[in-house]
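Open the model in your viewer and keep the sequence panel beside it. This tour goes from one selection to the next, with a short note on what to look for at each stop.

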Amino acid sequence: MGPLQLEGFASVVLDAADLRATREFYSLLFGSDRGQWREHGRRVTFVGGDQSVEFVRHPRPRTLAHAGQHVGYRIPRAEIGRVADSLAASGFEVNRWHEDHPSERDTTPYAKDPSGNIVELVPSDHAGTLIDHYYVPVEDIEHAELFYLNALRGQLDTYFGYSTADVSQAHRWSEGKDSAAPWTRNAYVSFRTHEPNPTPAAQVFTRFGEGYVGVTLTGQRLPEPPEEFLKYTPRLVFRSSHAPHEVASYLASVRISPVSLRYDGGRIRFRREGRDIFLRDRSGNFFQIACAG
Amino acid sequence: MANIEGLNHTGRSVPDVRTGEQFYVDVLGAHHCNTISSATEDVRAGRGAPHPCNTVAGYLFVLFPHQDDIPLPESPRGEDGSRIGFSVSRQRFDDVVARARDLELPFEGPVQHPEHGPFGESLYFTDPGGNFMEVCWRRDEEVAYNPLVSKK
């Protein structure tokens, strides 16, 4: 097998406290002509084209909204205002922020679903694809780059938070002059000056097919399941044309470590279930690779 | 009086620390050590934007993003001669010059130094942040130069 190729996003799997309320919320987003709903026990799934959004009933949904975890859904550009208004009219708080990927420099609507999952409405001219991007917080961005770029072989779209221009934006945000999404900036008190130090969140954007994964270095604590849990939610499902044994063999051979040490460490833990591979990054973000038959 | 025991590191500012680091890797063969403020605990301590640490032949330096837009100098050789100088063997100096040309790096030199002095030739250039650098070969390269005196 050559280098791992993940062709894009197949689906996202999210927790939902109330499946009925969740379906009502997302019906406002997706409308009635972009796909159809399927119910199966404690799961409900919206299938649109070759992508789906699956909700699993959970009494205490794990959302990581406090650290900015969210999914960007493509909405027809002409419909963005109407969808945002309908969410607000239904009692959901709608904020308008911008983020730092070049496609997100203009403000766009954000809301939380009934379970607290953050959704971003991404204006799109080709809204046939449901999922525009998947955004996750991490506690170590050096290791995250190795995971998403070196291990998962994503393509680096761009990065943010490493330049003078980005630092200047953080200062403007601290002065109330920039409507950046709250997880993209911070102003923790410097241990040296004892003064707030406005700082852009370091972010890396990695492309997989039509979609991208945004990774942000968070200042928030990230509660995560025990290390042996490899199949969990929320998670992003990649699509791969490789056979599962090829992907498993590849992952077993990958070594990633941000430090050059002479030890056989840096392994990626994963588990195979039939045609699916389940894995997680070091910060407890979960992923699934749906392999070809 | 402070009895300084050695040089520990220097800090340099550049407009973009990732492209700045790549410059040092490509031009000087720097090795990445780690990145300060690349983890949550650093963020919570208010340590600012990520700043990578690299070494060049045992010399440790840290790159920071400029806090303001700073105009870049017009001359590769600097305004008043202030610079950091690196040395390579006479044998490798020509390779360094060739590499600079391959990378299309603006530079001044090779400058021939007087034969009675310690330096043979030098190349002068700036990093992406406008920090001035020199790479030279020394006529006395066989001589142990400024050995580190350990504290007793």
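Helices (H or I, at least four residues) and strands (E, at least two) are here DSSP runs, numbered from the N terminus. With that in hand, chain B reads along its sequence as β-α-β-α-β-β-β-α-β-β-β, a total of 3 helices and 8 strands. Please keep in mind that this is a predicted model.

**Stop 1: chain B as a whole**

Select chain B and hide the rest. Along the principal axes, its C-alpha atoms fill a box of roughly 55 × 45 × 25 Å. Colour by burial, and 30% of the 152 residues count as buried. A contact map is worth drawing too: among contacts in chain B with a separation of 6 or more, 55% are between residues 24 or more positions apart.

**Stop 2: the two domains of chain B**

Now give residues 10–65 of chain B one colour, as domain 1, and residues 84–138 another, as domain 2. The centres of these two domains, taken over C-alpha atoms, are separated by 23 Å. Where they meet, 11 residues of domain 1 are in contact with 8 residues of domain 2. On the domain 1 side, strand S1 (10–14) and H1 of chain B each supply at least two residues. Which element gives the most to that side? Select H1(B), which contributes 6 residues. By type, the domain 1 side divides into 6 nonpolar, 3 polar and 2 charged residues.

**Stop 3: the open sheet in chain B**

Stay in chain B and show strands S5 to S8 as a cartoon. These 4 strands form an open sheet in the order S5-S8-S7-S6, with mixed pairing. Why is one side of S5 (84–87) and of S6 (108–112) left without a neighbour in the sheet? Both strands stand at the edges and each has a single partner strand, so nothing pairs with the other side. From one strand to the next, the twist averages 20°.

Zoom in on S6(B) and strand S7 (residues 119–126) of chain B, which run antiparallel and are joined by 3 bridges. Label Val111(B), and its bridge partner in S7(B) is Ser122(B). Then add helix H3 (residues 90–102) of chain B, which packs on the sheet and touches S6, S7 and strand S8 (132–138). The direction of H3(B) makes about 25° with that of S7(B).

**Stop 4: where chain B meets chain A**

Bring chain A back. The contact takes 20 residues from chain B and 23 residues from chain A. On the chain B side, helix H1 (17–28), strand S2 (31–36) and helix H2 (40–44) each supply at least two residues. H2(B) gives the most to this side, with 3 residues. The chain B side is made up of 8 nonpolar, 8 polar and 4 charged residues.

**Stop 5: helix H4 of chain A**

Select residues 164–174 of chain A, which form helix H4, and show side chains. Thr164(A), Asp166(A), Val167(A), Gln169(A), Ala170(A) and Trp173(A) are buried. What do the buried residues of H4(A) pack against? In chain A they meet strands S10 (155–160), S11 (185–186) and S12 (199–200), and in chain B strand S4 (59–65). Just after H4(A), look for Gly176(A), which takes a positive phi of about 80°.

**Stop 6: strand S5 of chain A**

Next, select residues 70–76 of chain A. This is S5(A), where 6 of the 7 residues are buried, so the strand is largely enclosed by the rest of the structure. S5(A) runs parallel to strand S8 (residues 118–124) of chain A, joined by 7 bridges. One pair to label is Pro76(A) with its bridge partner Ser124(A) in S8(A). S5(A) also pairs with strand S9 (residues 131–138) of chain A, here in the antiparallel sense over 4 bridges. There, Gly72(A) stands opposite His133(A).

**Stop 7: the nonpolar cores**

Finish with the largest nonpolar core, which has 73 residues. Val12(A), Tyr73(A), Val119(A), Tyr134(A), Val215(A) and Phe238(A) touch the most other members. Strand S1 (residues 6–16) of chain A gives the most to this core, with 6 residues. Centre the view on Val119(A): leaving aside residues up to four places away in sequence, the residues that Val119(A) touches include Leu29(A), Val71(A), Tyr73(A) and Tyr110(A). Another core, of 11 residues, lies apart from the largest one; Val96(B), Phe107(B), Tyr124(B) and Val135(B) are among its members.

Key
Residues are numbered from 1 along each chain as its sequence is written. Chains are lettered from A and ligands numbered from 1 in the order in which they are written. This is a predicted model: local features need pLDDT of at least 70, side-chain atom pairs count only at pLDDT 80 or more; totals for chains, interfaces and linings use all residues. Two residues are in contact if their C-beta atoms, placed from the backbone, lie within 7 Å. Ala, Val, Leu, Ile, Met, Phe, Trp, Tyr, Cys and Pro count as nonpolar, Asp, Glu, Lys and Arg as charged, and the others, Gly among them, as polar. A residue is buried if 20 or more other C-beta atoms lie within 10 Å of its own, exposed if 12 or fewer, and partly exposed in between; C-beta atoms are placed from the backbone. Domain bounds come from an automatic or database domain assignment. Two strands pair if DSSP finds at least two bridges between them. A nonpolar core is a set of buried Ala, Val, Leu, Ile, Met, Phe, Trp, Tyr and Cys residues joined through C-beta atoms within 7 Å. Axes are lines fitted to C-alpha atoms, for helices over the stretch in contact, and angles run from 0 to 180 degrees between N-to-C directions.
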